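Here are my notes on the model, set out as numbered points. Please read them beside the coordinates.

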Amino acid sequence: MTTTGTSTFNLDLNNLLEEAFERCGVEMRTGYDMRTARRSLNLLTIEWANRGINLWTVEQGSIPMVQGQIAYNLPVDTIDLLDHVIRTQSGVNQTDINISRISVDTYSTIPNKNAQGRPIQVWINRQSGATVPDGLTPAGTVVQSPQINVWPAPDQSSFYTFVYWRLRRIQDAGNGVNTQDIPFRMLPCLVAGLAYYLAMKIPEALPRIEMLKLSYEEQWNLASSEDREKASLRIAPRQMFY
């Protein structure tokens with residue numbers, strides 16, 4: 001006997017929802033069943049963002065810095081930044097220099113926020129990304145994008161670039177033919193979590209809630225322990241001077 005020679009198994013949204021309903025001991029029959037399950041699936045992936053770092057959502061980006069400009073928008077689906085540097089020049093002459101992250105309390109106490117120089121500190125203003133009225137016109141709106149505020153403000157244009165590695169939101173569930181924005185190794189956890197979420201809304205599945213919750217937590221522990229950095233951790237003592 002021979003193997004298939006393929007390793008492409010995945011679940012589109014329809015099959016994923018059907019598997020979750022079957023674990024609840026019921027069948028997905030109506031359009032409303034699909035809508036409520038899709039809503040639960042979107043909430044589940046938001047929960048994953050709160051549980052920790054999902055490595056497949058780490059993306060690199062960059063922002064060219066402008067002389068005298070303090071605040072810069074991040075992509076609206078940014079959850080947080082993991083690392084960041086100030087890059088000077090470009091090509092073979094580029095140099096990446098550390099920029100320290102500070103809290104809003106520290107940033108607020110800086111006396112002269114308009115001082116110019118090479119940026120050495122950044123406050124990350126984690127806005128919601130929601131669209132809200134701008135307060136200027138009846139129909140006007142503004143997107144509350146996450147922002148960075150750097151200090152000092154850049155002292156020249158076309159020289160500094162803010163380079164960052166961000167966590168982005170997991171993409172929405174989509175329609176029946178879409179696969180999910182997750183690696184294949186997270187599929188068992190996604191199905192287990194969705195089954196648990198659905199069981200809280202399906203009266204016939206109430207007796208299974210505890211079992212489904214335990215299964216979900218077990219699958220999450222397996223998946224999250226695998227989805228982690230595997231590089232060696234090096235801790236060096238810091239030299240102190242008195």
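1. Which backbone nitrogen lies 3.0 Å from a polar atom of the side chain of Asp33? The backbone nitrogen in question belongs to Arg29. The model is a predicted one, and every distance in this note should be read with that in mind.

2. Asp33 sits in helix α2, which covers residues 31-51. Asp33 is buried and yet has no salt bridge. The nearest side chain of opposite charge is that of Arg29, at 6.8 Å. A salt bridge needs a side-chain nitrogen of Lys or Arg within 4 Å of a carboxyl oxygen of Asp or Glu, so the side chain of Arg29, 6.8 Å away, does not provide one. What Arg29 does offer Asp33 is its backbone nitrogen, 3.0 Å from a polar atom of the Asp33 side chain. Leaving aside residues up to four places away in sequence, Asp33 touches Phe21, Glu27 and Met28.

3. On the chain as a whole, the secondary structure amounts to five helices and twelve strands. The radius of gyration is 23 Å, whereas a compact globule of 242 residues would have a value near 18 Å. Along the principal axes, the C-alpha atoms fill a box of roughly 65 × 55 × 40 Å.

4. Of the 242 residues in the chain, 37% are buried. The accessible surface is about 14900 Å², and carbon and sulfur atoms account for 52% of that area. Taking contacts between residues at least 6 apart in sequence, 73% join residues at least 24 apart.

5. Side chains of opposite charge can pair when their charged atoms come close. How many salt bridges does a search of the whole structure find? The search finds 15. Three of them are taken up in the points below.

6. Arg23 and Glu19 form a salt bridge with an N to O distance of 3.2 Å. Both residues belong to helix α1 (residues 13-23), and because they are four residues apart there, about one helical turn separates them. Arg23 is partly exposed at a relative accessible area of 29%, and Glu19 is also partly exposed, at 30%.

7. Glu59 and Arg166 form a salt bridge in which the closest N and O atoms are 2.9 Å apart. This pair links distant parts of the chain, with Glu59 in strand β1 (residues 58-64) and Arg166 in strand β12 (residues 160-168), 107 residues apart. Glu59 is partly exposed, with a relative accessible area of 31%, whereas Arg166 is buried, at 7%. Glu59 and Arg166 also belong to a network of salt bridges that includes Asp77, Arg168 and Asp181.

8. In the salt bridge between Glu226 and Lys230, the N to O distance is 3.7 Å. Glu226 counts as partly exposed, at 37% relative accessibility, and Lys230 as exposed, at 54%.

9. A last remark returns to helix α2, where Ile46 is found. Ile46 is partly exposed, with a relative accessibility of 38%. How far apart in space are Ile46 and Arg169, C-alpha to C-alpha? The C-alpha atoms of Ile46 and Arg169 are 7.7 Å apart, although the two residues are 123 residues apart in sequence.

Conventions
Residues numbered from 1 in each chain as written. Predicted model: local features only at pLDDT ≥ 70, side-chain atom pairs only at ≥ 80, totals over all residues. Heavy atoms only, no water. Helix = DSSP H or I, 4+ residues; strand = E, 2+ residues; numbered from the N terminus. Buried < 20%, exposed > 50% of the residue type's maximum accessible area, 1.4 Å probe, protein only. Lys, Arg positive; Asp, Glu negative; His and termini not counted. Polar contact = N/O pair within 3.5 Å; in protein donor to acceptor, adjacent residues only side chain to side chain. Contact = heavy atoms within 4.5 Å. Rg over C-alpha atoms; globule rule 2.2 N^0.38 Å. Areas by Shrake-Rupley, 256 points an atom, 1.4 Å probe, with all protein chains shown as cover.
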